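Biologist: Before I plan anything at the bench, I would like a close look at one part of this model, the nonpolar surface patch. Please take me through the patch and then through what else there is to see around the chain.

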Amino acid sequence: MSWIILVASGVLEAVWASALAASKGFRRPRPTIVFVVALVISMVGLAFAMNDLPTGTAYAVWVGIGASLTVLWAIVTGKERASTARILLILLLVASVIGLKAVS
């Protein structure tokens with residue numbers, strides 16, 4: 001159960017990071033609200049997962065999922081350019097997250 005919560009929290013990290021950018025310095029109310037709600041839920045989920053999982057592993061997986069999805073979302077929405085190197089590095093990050101799960 002801790003792994004499922006950790007993955008969901010990692011997804012919410014991507015949500016709050018994207019909402020933070022969309023809030024334009026907290027001047028836009030809707031993305032600001034999404035940022036705050038997603039941030040709180042993401043942190044609570046990370047804290048819960050850390051009750052059963054090693055801190056370093058949980059944090060690395062959480063950040064890896066969030067970072068990968070944030071970059072992918074930026075590419076899909078056209079805010080960042082896709083390149084072969086960028087895609088390969090995202091895949092390496094995802095493989096690292098899977099590797100951490102495999103050795104835990």
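Modeller: A residue counts as buried when its relative accessible area is under 20%, as exposed when that area is over 50%, and as partly exposed in between. Please keep in mind that this is a predicted model.

With those cut-offs in hand, valine 15 is a good place to begin, a residue of helix H1 that is partly exposed because its relative accessibility is 34%. Valine 15 belongs to a nonpolar patch on the surface, in which it is joined by Val7, Val11, Val34, Leu69, Leu72, Ile87, Leu88 and Leu91. Together these residues have about 670 Å² of accessible area, and helices H1, H3 and H4, the last of which runs over residues 84-103, each supply at least two of them.

Leucine 12 also lies in helix H1, and with a relative accessibility of 23% it falls between the two cut-offs and is therefore partly exposed. From leucine 12 to valine 36 the separation is 24 residues in sequence and 11 Å in space, taken from C-alpha to C-alpha.

Helix H4, which contributes to the patch, also holds valine 97. Valine 97 is buried, because its relative accessibility is 13%, and its C-alpha lies 5.3 Å from that of valine 61, although 36 residues separate the two in sequence.

Arginine 86 and glutamate 80 bring charged side chains into the picture, since they meet in a salt bridge with an N to O distance of 2.4 Å, and a search of the whole structure finds 1 such bridge. Arginine 86 is partly exposed because its relative accessibility is 32%, and glutamate 80, with a relative accessible area of 33%, is likewise partly exposed.

Finally, there is the largest pocket, which holds about 190 Å³ of space and is lined by Ser18, Ala21, Ala22, Lys24, Thr70, Trp73, Ala74, Thr77 and Lys79. Two elements, helix H1 (2-22) and helix H3 (55-76), give two or more residues each to that lining. Sorted by class, the lining has 4 nonpolar, 3 polar and 2 charged residues. Helices H1 and H3 thus appear in both places, as contributors to the lining of the pocket and as suppliers of the nonpolar patch.

Key
Residues are numbered from 1 along each chain as its sequence is written. This is a predicted model: local features need pLDDT of at least 70, side-chain atom pairs count only at pLDDT 80 or more; totals for chains, interfaces and linings use all residues. Side-chain values use heavy atoms; hydrogens and water are left out. On a 1 Å grid over the protein atoms alone, a cavity is a set of points where a 1.4 Å probe fits but cannot get out, and a pocket is an open set with protein on both sides within 12 Å along at least five of seven lines; lining residues have an atom within 4 Å of a point. Grid points are joined across faces, edges and corners, and a volume is the space filled by probe spheres set on the points. Helices (H or I, at least four residues) and strands (E, at least two) are DSSP runs, numbered from the N terminus. Ala, Val, Leu, Ile, Met, Phe, Trp, Tyr, Cys and Pro count as nonpolar, Asp, Glu, Lys and Arg as charged, and the others, Gly among them, as polar. Patches are made of residues with over 30% relative accessible area and no salt bridge: like charges are joined within 9 Å, nonpolar side chains (Val, Leu, Ile, Met, Phe, Trp, Tyr) within 5 Å. Accessible areas come from the Shrake-Rupley method with a 1.4 Å probe; for residues, only the protein chains shown count as cover. A salt bridge is a side-chain nitrogen of Lys or Arg within 4 Å of a carboxyl oxygen of Asp or Glu. Buried means under 20% relative accessible area, exposed over 50%, partly exposed in between (1.4 Å probe, protein chains only).
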